[in-house]
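Welcome! Take a moment to look over the sequence and the 3D structure below, and then read on for a short guided tour.

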Amino acid sequence: HAAYTDEQITLGPGESLLVFSDGITEAMNEADECYGEDRLLACCAESIGFPTEALAARVIAEASLFAGTAPQSDDMTVLAIGRD
């Protein structure tokens, strides 16, 4: 069983929180390579200043583009929350 703890954070103005399922980082392409955390971090860095809806959509689009025609083996779930 996984152990979970409660934690609170406060987003400052202009900050966002991105929550994602492992289906994003474990998305495989035709060469059996994972999308991975490095690509996800790069996608997020390139999306600084995007509205949260656009950030979430871009992460899913980039992971899907990376996977290409490889079959999707897991869900791709993204939740982005931001503060104006």
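## A helix with two sides

In α2, the buried residues are G36, L40 and C43. The arc they cover around the axis is only 80 degrees, so they sit on the same side of α2. Keep in mind that this is a predicted model.

**More about α2**

- Which residues are exposed on the other side of α2? They are E37, D38 and L41.
- A general rule helps here: an α-helix has 3.6 residues a turn, so residues three or four places apart point the same way.
- The buried residues of α2 are covered by elements that include β1 (16-20), α1 and α3.

**The nonpolar core**

- The largest nonpolar core is made up of 13 residues.
- Those with the most contacts inside this core are I24, Y35, L40, V59, A63, M76 and V78.
- Three elements give two or more residues to the core: α2 (36-46), α3 (52-67) and β2 (78-82).
- Which element gives the most to this core? It is α3, with 5 residues.
- If you set aside neighbours within four places in sequence, V78 is in contact with L18, V19, F20, I24, A56, V59 and I60.

**An aromatic pair**

- You can find 1 aromatic pair in the structure.
- Why is the pair of Y35 and F66 called edge-to-face? The ring centres are 5.6 Å apart and the planes meet at 65 degrees; planes over 60 degrees apart count as edge-to-face, so this pair is edge-to-face.
- The two partners come from distant parts of the chain, 31 residues apart: Y35 lies in the loop between α1 (22-25) and α2, while F66 belongs to helix α3.
- Y35 has a relative accessible area of 3%, so Y35 is buried.
- F66 is buried as well, because its relative accessible area is 16%, and buried means under 20%.

**The cysteines**

- How many disulfides does a search of the whole structure find? The result is 0.
- C34 takes part in no disulfide, and the nearest cysteine sulfur, that of C43, is 16 Å away.
- With a relative accessible area of 38%, C34 is partly exposed.
- Why is there no bond between the sulfur of C44 and the closest cysteine sulfur, in C43? The two are 5.6 Å apart, which is too far for a bond, because a disulfide needs sulfur atoms within 2.5 Å.
- C44 also counts as partly exposed, at 23% relative accessibility.

Terms used: Residues numbered from 1 in each chain as written. Predicted model: local features only at pLDDT ≥ 70, side-chain atom pairs only at ≥ 80, totals over all residues. Heavy atoms only, no water. Core = buried A, V, L, I, M, F, W, Y, C linked by side-chain atoms within 4.5 Å. Buried < 20%, exposed > 50% of the residue type's maximum accessible area, 1.4 Å probe, protein only. Helix = DSSP H or I, 4+ residues; strand = E, 2+ residues; numbered from the N terminus. Contact = heavy atoms within 4.5 Å. Phe/Tyr/Trp six-rings, centres within 6.5 Å; stacked < 30°, edge-to-face > 60°. Arc of directions from axis to C-beta.
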